[in-house]
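I opened this one to see how protein and DNA sit together. Notes follow in the order I looked things up.

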Protein chains: 2
Amino acid sequence: MPEGDLSPPTGKPTINDLARVAGVSLATVDRVLNGRPGVRRTTIEKVNKAIADLGYIRDTAAANLARRRVYRLLFILPDAANEFVDALAAQVDVQGAQLSHQRTTLAARSVPPFDPQAIVDMLDGLSPDETDGVAVFGPETPAVRDAVNRARARGIAVVSLVADLPSSERDHFVGIDNYAAGRTAARLMGRFIHEPGPVLVITGSRLARDHLERRAGFDAVMTTDFPHLEVLPSVEGRDDPDLIQQLLPDILRAVPQVRGIYSSAAGNAGLLRCLEREGRRGDLVVIAHELTPVSRRALTTGVFDAVISQNAGHLVRSAVRLLKATADRVPFDETQERIRIDIYLQDNMPPE
Amino acid sequence: MPEGDLSPPTGKPTINDLARVAGVSLATVDRVLNGRPGVRRTTIEKVNKAIADLGYIRDTAAANLARRRVYRLLFILPDAANEFVDALAAQVDVQGAQLSHQRTTLAARSVPPFDPQAIVDMLDGLSPDETDGVAVFGPETPAVRDAVNRARARGIAVVSLVADLPSSERDHFVGIDNYAAGRTAARLMGRFIHEPGPVLVITGSRLARDHLERRAGFDAVMTTDFPHLEVLPSVEGRDDPDLIQQLLPDILRAVPQVRGIYSSAAGNAGLLRCLEREGRRGDLVVIAHELTPVSRRALTTGVFDAVISQNAGHLVRSAVRLLKATADRVPFDETQERIRIDIYLQDNMPPE
DNA sequence: TTGAAAGCGTTACCAT
DNA sequence: ATGGTAACGCTTTCAA
């Protein structure tokens with residue numbers, strides 16, 4: 001039986017209770033709590049026993065206060081002129097302003113889109129004594145993969161954002177299951193279209209893993225469940241509204257009997273302008289990705305029939321939580337970090 | 001120019017900086033910060049000027065630590081044998097376990113369903129020195145409304161959960177826009193059904209505001225956008241799987257040509273059993289509410305075509321944040337507290 | 001290998 | 001009406 005008074009601790013046990021029960025000083029308790037060296041095995045065991053006996057759980061708020069811990073997090077985003085990336089950047093700004101009062105600083109940096117080398121350079125320029133964690137939204141290439149691994153090796157937490165980098169050792173992926181998103185789009189498309197015919201798919205880039213996965217999911221459902229709808233080869237729009245607006249008219253003229261369009265990437269503004277200019281056929285079904293001012297308007301006017309989306313606010317919040325938890329080497333709530341595949345119709349858009 | 005040293009504060013300003021710049025003590029700064037009495041007007045102004053000049057923002061973590069603030073929150077849930085309420089209760093448990101280490105205790109108490117008096121009694125039994133805030137999921141009646149107002153008058157924060165109580169002075173509503181949810185269900189129903197015919201609506205109770213609002217939204221869209229589908233009078237299932245299972249066969253026999261079923265309340269297990277037993281017609285469209293183990297299975301097997309849902313985890317998290325913010329009289333992030341109207345198809349259900 | 005004591009930013013009690 | 005000072009639970013020197 002260890003020395004020390006055994007009066008029941010009031011409320012949650014603190015390190016003071018641990019010290020008392022284990023018969024050691026606060027400093028020693030802190031050493032074993034934080035795995036610091038210079039403590040005898042037997043002492044460590046005494047403290048660990050006290051921890052177990054009392055069911056001690058550290059108060060992170062107090063710890064961070066004493067430690068003057070600050071989390072410095074960075075978001076690397078493509079410098080694309082599309083509304084989804086804009087929304088992400090805006091969320092980094094807004095949440096950064098709020099979190100600045102909670103020992104957390106967020107920063108966003110842009111790199112040219114579809115440019116692996118730019119991401120590599122940015123990543124390689126990061127130092128662990130300036131940056132605790134980074135969220136990367138970019139293409140999966142061997143060079144990017146290696147740069148991610150180097151950053152992690154230097155002690156920087158890394159999550160992939162929107163598009164996964166599964167070949168790398170990134171700590172987590174923050175985004176939706178894009179294969180399932182593609183399946184979802186196909187299901188809606190198949191059930192909304194009432195007559196057989198061809199369906200057009202607009203994609204972004206072969207480099208973008210999220211786009212490839214969506215296309216794969218879309219094709220899978222179309223083939224098995226809606227064989228009367230023929231999916232045409234992808235049109236590569238590079239997330240560029242102007243390019244899409246330029247390409248589309250010819251294609252629609254070439255396949256006038258098209259029954260549906262799946263816009264699986266960004267650049268919806270171009271699609272919308274084209275559809276509005278040509279006058280959309282009443283029975284054409286259009287399904288796009290990401291709820292933005294552009295797609296909201298299209299849903300409202302009925303030009304788009306459905307939008308598959310992932311919430312930019314949630315993406316950023318989840319990335320922040322994951323990056324902090326990784327930096328602190330503490331566990332997190334799996335279920336809270338799953339980004340849902342949202343479906344929006346004109347009726348269930350959130351206000352404003 | 002006030003007395004005191006003016007060396008630039010390093011990092012974020014603290015009350016020490018305020019005290020120095022305003023030339024007063026910490027205690028006085030604290031008094032004005034917390035609106036405590038016993039400070040001269042001129043002193044208050046000196047401090048307020050310092051606050052403004054330095055852009056001071058209080059560190060709530062440190063404040064809560066010193067204050068040993070504990071939030072004691074209560075959830076009043078109907079004692080209904082349905083999976084959605086079960087999910088809510090489970091979330092209160094799970095999140096309560098996590099939050100217990102963050103100076104927050106959650107408790108859930110059951111009251112008989114559709115029993116206003118039980119809620120009134122529960123509410124009236126609450127004392128502000130045992131309970132800081134309460135979330136109420138129940139029918140909107142004058143008696144409930146008055147009890148809510150009394151609780152608030154006693155200094156207890158109150159939010160309505162799932163079903164709003166707009167006639168009361170509840171601090172907030174935590175839940176989806178049920179009118180929009182009904183509209184959404186109708187939109188899917190209308191677009192999934194390919195031939196004219198009657199549509200059946202199963203509701204819960206005339207007392208439940210959420211059910212009434214869903215029905216209203218459903219009817220609105222059906223009438224204007226899908227007039228070829230005739231919406232039959234509601235079947236009242238009282239959220240009771242057994243009752244629903246018992247009522248339904250006769251109705252389906254009476255209207256064999258029914259093209260769609262909108263299960264707008266709880267008790268899906270009964271509907272599912274009935275459909276599975278009778279053998280669902282291939283072209284019957286079934287849309288229900290709330291993603292639960294029961295509805296997940298129905299979506300997977302294709303018995304349900306779509307499920308409108310609100311995430312139980314988010315509901316509880318949002319209620320907690322709102323209740324805390326109200327108790328502390330601090331503002332909150334509107335956009336984060338909007339509960340989304342989720343649409344689930346077999347393809348976009350979250351795993352497990 | 002261990003402990004005492006001074007913070008971290010805020011609150012609260014007791015003086016004056 | 002104001003100030004000093006000991007907490008809150010934890011971390012971090014600095015000594016021993």
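Which side chain has an N or O atom 2.6 Å from a phosphate oxygen of DNA strand C? I found B:Asp30 there. For polar contacts I took pairs of N or O atoms within 3.5 Å; within protein, one must be able to donate a hydrogen and the other to accept it, and residues adjacent in sequence count only if both atoms are side-chain atoms.

Housekeeping before going on. This is a predicted model, where local features need pLDDT of at least 70, side-chain atom pairs count only at pLDDT 80 or more, and totals for chains, interfaces and linings use all residues. Residues are numbered from 1 along each chain as its sequence is written, chains are lettered from A and ligands numbered from 1 in the order in which they are written, and side-chain values use heavy atoms, with hydrogens and water left out.

**Strand C**

I counted a residue as near a strand if one of its heavy atoms lies within 4 Å of it. DNA strand C is surrounded by 25 residues, and the closest are A:Arg31, A:Thr43, B:Ile15, B:Asp30 and B:Tyr56. Of the strand C atoms that come within 4 Å of the protein, 68% are sugar and phosphate. I also looked at the bases: a base oxygen of strand C lies 2.4 Å from a polar side-chain atom of A:Arg31, and a base oxygen is 3.1 Å from a polar backbone atom of A:Ala66.

Next I asked which helices contribute (DSSP runs of H or I, at least four residues, numbered from the N terminus). At least two residues each come from α2 and α4 of chain A and from α1 (15-22) and α4 of chain B. The largest share, four residues, belongs to α4(B). By class, I noted ten nonpolar, seven polar and eight charged residues near strand C. My classes: Ala, Val, Leu, Ile, Met, Phe, Trp, Tyr, Cys and Pro are nonpolar, Asp, Glu, Lys and Arg are charged, and the others, Gly among them, are polar.

**Strand D**

Around DNA strand D I found 25 residues, with A:Ile15, A:Asp30, A:Tyr56, B:Arg31 and B:Arg40 the closest. Sugar or phosphate makes up 67% of the strand D atoms within 4 Å of the protein, and bases make up the rest. I listed some phosphate oxygen contacts here: B:Thr43 has a polar side-chain atom at 2.7 Å, A:Asp59 has a polar backbone atom at 3.1 Å, and A:Arg58 has a side-chain N or O atom at 3.3 Å. The largest share of this surface, four residues, comes from α4(A).

**The two copies**

How do chains A and B relate? I superposed chain A on chain B with a rotation of 180° and 0.0 Å of shift along its axis, RMSD 0.1 Å, by least squares on the C-alpha atoms of residues with pLDDT of at least 70 in both. That is the relation of a two-fold axis.

**α6 and α7 of chain A**

Last, I checked α6 (residues 116-124) and α7 (residues 142-153) of chain A, which pack at about 10° with axes 9 Å apart. Axes are lines fitted to C-alpha atoms over the stretch in contact (heavy atoms within 4.5 Å), and angles run from 0 to 180 degrees between N-to-C directions. The two helices are therefore roughly parallel (under 35 degrees).

How values were computed: Angles under 35 degrees count as roughly parallel, over 145 as roughly antiparallel, 65 to 115 as roughly perpendicular and the rest as oblique.
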